[in-house]
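Please have the sequence and the model open side by side while reading, since the paragraphs below move from one residue to another and are best followed with each in view.

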Amino acid sequence: MTNEHILFMCLNLFIMEKRGFTYLLSLLFAISLVDCSDDDDNGNDNGMPDPDMGRFEMSVSGDASHEIEGLAFFVTAVNPDTGQEITSLTLVKEGEPASVTMLTIGGSRPSSGTYTIEDYLLFDVDEDFQYPNDVFLGMGYHSYNASVLYFYSKAGQLTINHSSSVNVSGSFSFSADGFQSDPPMVDGDLEISGVFNAIVTDTPPAHP
């Protein structure tokens with residue numbers, strides 16, 4: 001199985017989890033998603049300095065509260081099933097408990113600027129889904145103790161301050177629908193924000 005198939009199996013499992021959270025963990029634990037033109041590097045608009053190369057810092061607040069940091073990648077690949085090129089900001093926590101966050105847009109690596117993060121659950125997502133080319137859709141999970149928190153973006157912004165063939169840095173902030181895995185199923189409202197300095201790659205990284 002190619003790295004591209006693994007990446008898109010990951011995305012498709014997030015799609016499947018809109019209808020029930022049964023198959024996601026096994027694949028995400030297995031893969032843990034660990035031409036040059038430069039844009040101006042203006043620093044983060046929220047006043048926070050960029051993390052070190054290949055790193056991110058993220059806060060989750062609202063009906064759940066977590067501080068997460070780890071490895072950051074900007075992964076561009078072609079979906080072998082649909083032929084669409086997509087790019088995902090992929091944030092992977094090192095070690096346990098596991099955490100993966102993906103903010104995905106159609107097309108190749110975006111240039112610097114501010115992009116809207118849209119409501120993921122409003123899209124009619126299936127195996128042939130084409131990601132929009134002008135907005136990001138966010139999804140992810142964070143495990144802790146014996147529970148897993150899944151989340152899907154509702155609305156927000158992602159700002160890219162620097163974009164090159166080596167790294168992409170910036171910040172994001174969005175609201176999200178959260179779903180707790182342990183019974184009884186608990187829905188919640190989340191606020192997620194962070195900064196990143198992601199390594200650019202066309203290969204989903206191996207588990208750190």
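Does Met53 count as buried, partly exposed or exposed, and at what relative accessibility? The model is a predicted one, and in it Met53 has a relative accessibility of 45%, so it counts as partly exposed, lying between the 20% below which a residue is called buried and the 50% above which it is called exposed. Met53 is found in the loop between helix 2 (24-31) and strand 1 (55-62), and together with Val166 and Ile199 it makes a nonpolar surface patch of about 250 Å².

From this surface patch the reader may turn to a buried residue. Ile192 is found in strand 9, which covers residues 186-201, and because its relative accessibility is 1%, Ile192 counts as buried. Leaving aside residues up to four places away in sequence, Ile192 touches Met58, Ser59, Val60, Phe151, Phe172, Ser173, Phe174 and Ala176. Of these contacts, Met58 deserves a separate look: Met58 and Ile192 are 134 residues apart along the chain, yet their C-alpha atoms are separated by 7.1 Å.

Two of the residues that Ile192 touches, Phe172 and Phe174, also belong to a cluster in which ring pairs link Phe74, Phe172, Phe174 and Phe196. A pair of aromatic rings is described by the distance of the centres and the angle of the planes. The count for this model comes to 7 aromatic pairs. In one of them, the rings of Tyr115 and Phe136 have their centres 5.7 Å apart and their planes at 85°, and because an angle over 60 degrees is the criterion, the pair is edge-to-face. This pair links distant parts of the chain, with Tyr115 in strand 5 (residues 113-118) and Phe136 in strand 6 (residues 135-144), 21 residues apart. Tyr115 counts as buried because its relative accessibility is 16%, and Phe136 is likewise buried, with a relative accessible area of 0%.

The last stop is His66, whose place is in strand 2 (residues 66-78). With a relative accessible area of 13%, which is under the 20% limit, His66 is buried. A polar contact of 3.4 Å joins the side chains of His66 and His142. Not counting residues up to four places away in sequence, His66 touches Met58, Ser59, Val60, His142, Tyr144 and Leu149; Met58, Ser59 and Val60 are also among the residues that Ile192 touches.

Notes. Residues are numbered from 1 along each chain as its sequence is written. This is a predicted model: local features need pLDDT of at least 70, side-chain atom pairs count only at pLDDT 80 or more; totals for chains, interfaces and linings use all residues. Side-chain values use heavy atoms; hydrogens and water are left out. Helices (H or I, at least four residues) and strands (E, at least two) are DSSP runs, numbered from the N terminus. Buried means under 20% relative accessible area, exposed over 50%, partly exposed in between (1.4 Å probe, protein chains only). Contact means heavy atoms within 4.5 Å. Patches are made of residues with over 30% relative accessible area and no salt bridge: like charges are joined within 9 Å, nonpolar side chains (Val, Leu, Ile, Met, Phe, Trp, Tyr) within 5 Å. Accessible areas come from the Shrake-Rupley method with a 1.4 Å probe; for residues, only the protein chains shown count as cover. A salt bridge is a side-chain nitrogen of Lys or Arg within 4 Å of a carboxyl oxygen of Asp or Glu. Rings of Phe, Tyr and Trp (its six-membered ring) pair if their centres lie within 6.5 Å; planes under 30 degrees apart count as stacked, over 60 as edge-to-face and the rest as tilted. A polar contact is a pair of N or O atoms within 3.5 Å; within protein, one must be able to donate a hydrogen and the other to accept it, and residues adjacent in sequence count only if both atoms are side-chain atoms.
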